[in-house]
Amino acid sequence: MACQSLCRYTSRLTLSEMIKLRSIVRSASRHAERCLTVKNRLTPSAAWITTGPQQQHGTFYEFRTYYIQPHLNAAFLKLTNEKIQLRTAHSELIGYWTVEYGGLNQVFHIWKYDSYAQRASVRAALAQDPSWNEQYISKAMPMLSSQDNEVTYLVPWSKIQKPPKEGGVFELATFQMKSGGPAVWGKAFQAAVGTHTGSGYAHSVGVFHSEFGQLNQVHVLWWYESADQRAAVRHTSHEDARVVAAVRESALYLVAQKNKLMFPCSFSPIK
């Protein structure tokens with residue numbers, strides 16, 4: 001009935017009145033769209049909220065990447081091998097690697113801290129340590145082209161686990177996830193990692209969630225007996241229906257990913 005009444009009403013309008021009515025309707029429609037857009041901007045959504053890594057304690061891990069001038073790569077590694085004890089006297093080194101694939105002339109190392117206050121005190125002590133500054137820093141820094149660091153936490157369901165034996169290669173796989181933190185993608189990502197480890201395809205040294213640096217990143221540090229063993233494992237796992245299903249679910253929250261294949265240095269605690 002309302003539609004019939006409206007039709008009878010509009011049929012009696014002149015052309016100019018019809019044009020005016022259409023203009024009013026369009027204006028009202030645009031106003032409604034603007035109101036809806038503002039409401040959506042003011043209403044929090046799961047894509048906005050970052051819950052954080054849900055840490056139960058203050059321990060964190062600093063990822064440091066040093067980019068070495070190509071012609072000084074060997075000299076830098078030799079110097080670090082000889083003087084690393086000056087650095088480890090101040091805080092705990094988890095591992096130190098050279099990057100073989102996924103980035104040239106790089107070293108990657110992980111340092112453990114109990115708190116930000118402890119890290120600050122370590123950095124202050126290093127600045128006042130004449131042996132460290134004279135024997136290492138003054139010589140090493142000119143060999144670098146740049147440095148990068150990132151603060152990470154172990155995800156709640158992971159812990160540092162050394163490889164079953166020394167030697168082999170390490171893969172640092174980095175996943176850029178959608179905003180929201182572990183509350184959004186945590187279960188799916190845990191299932192993907194757990195399927196790989198539970199099926200015996202790879203050994204997880206640790207799974208880390210970024211706190212400072214590029215946010216919503218997850219790093220998985222994998223260990224393999226060799227690069228060829230990794231290639232064979234990847235081929236086999238990609239045909240495993242359990243792995244395929246878990247990865248497919250996790251990929252729904254994935255934005256991008258990258259990786260590096262690394263060899264441990266002789267002085268690395270994890271190797």
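Trainee: Which residues are exposed on the other side of helix H8?
Mentor: This is a predicted model, where local features need pLDDT (the predictor's confidence in each residue, from 0 to 100) of at least 70, side-chain atom pairs count only at pLDDT 80 or more, and totals for chains, interfaces and linings use all residues. Numbering starts from 1 along each chain as its sequence is written, and side-chain values use heavy atoms, leaving out hydrogens and water. Exposed means over 50% relative accessible area, buried under 20% and partly exposed in between, with a 1.4 Å probe and protein chains only. On that other side of H8, the exposed residues are Ala241 and Arg248.

Trainee: And how wide an arc do the buried residues of H8 cover around the axis?
Mentor: Helices (H or I, at least four residues) and strands (E, at least two) are DSSP runs numbered from the N terminus. In H8, residues 241-251, the buried ones are Val243, Ala246 and Ser250. They sit on the same side of H8 because their arc, taken from the directions from the helix axis to the C-beta atoms, is only 70°.

Trainee: Which elements are included in what covers those buried residues of H8?
Mentor: Two helices are part of the cover, H6 (182-198) and H7 (227-237). The cover also includes two strands, S5 (169-177) and S8 (254-264).

Trainee: Is arginine 230 of H7 buried or exposed?
Mentor: Arginine 230 is found in helix H7. Setting aside neighbours within four places in sequence, arginine 230 is in contact (heavy atoms within 4.5 Å) with Glu171, Tyr224, Asn259 and Leu261. Its relative accessible area is 16%, so arginine 230 is buried.

Trainee: What about leucine 104, is that buried or exposed?
Mentor: Leucine 104 lies in the loop between strand S2 (92-101) and strand S3 (106-113). Its relative accessible area is 67%, so leucine 104 is exposed.

Trainee: Which residue of S6 is the bridge partner of threonine 152?
Mentor: Strands pair if DSSP finds at least two bridges between them. S4 (residues 144-154) pairs with S1 (residues 60-68) in the antiparallel sense over eight bridges, and four bridges join S4 to S6 (residues 203-212), also antiparallel. The S6 partner of threonine 152 is serine 210.

Trainee: How many contacts does the stretch 31-53 have beyond near neighbours in sequence?
Mentor: The mean pLDDT of the protein is 85, and 79% of its residues reach 70 or more. Over residues 1-11, though, the pLDDT is below 50, and that stretch has two contacts beyond near neighbours in sequence. Over residues 31-53 the pLDDT is also below 50, and the number of such contacts in the model is 23.
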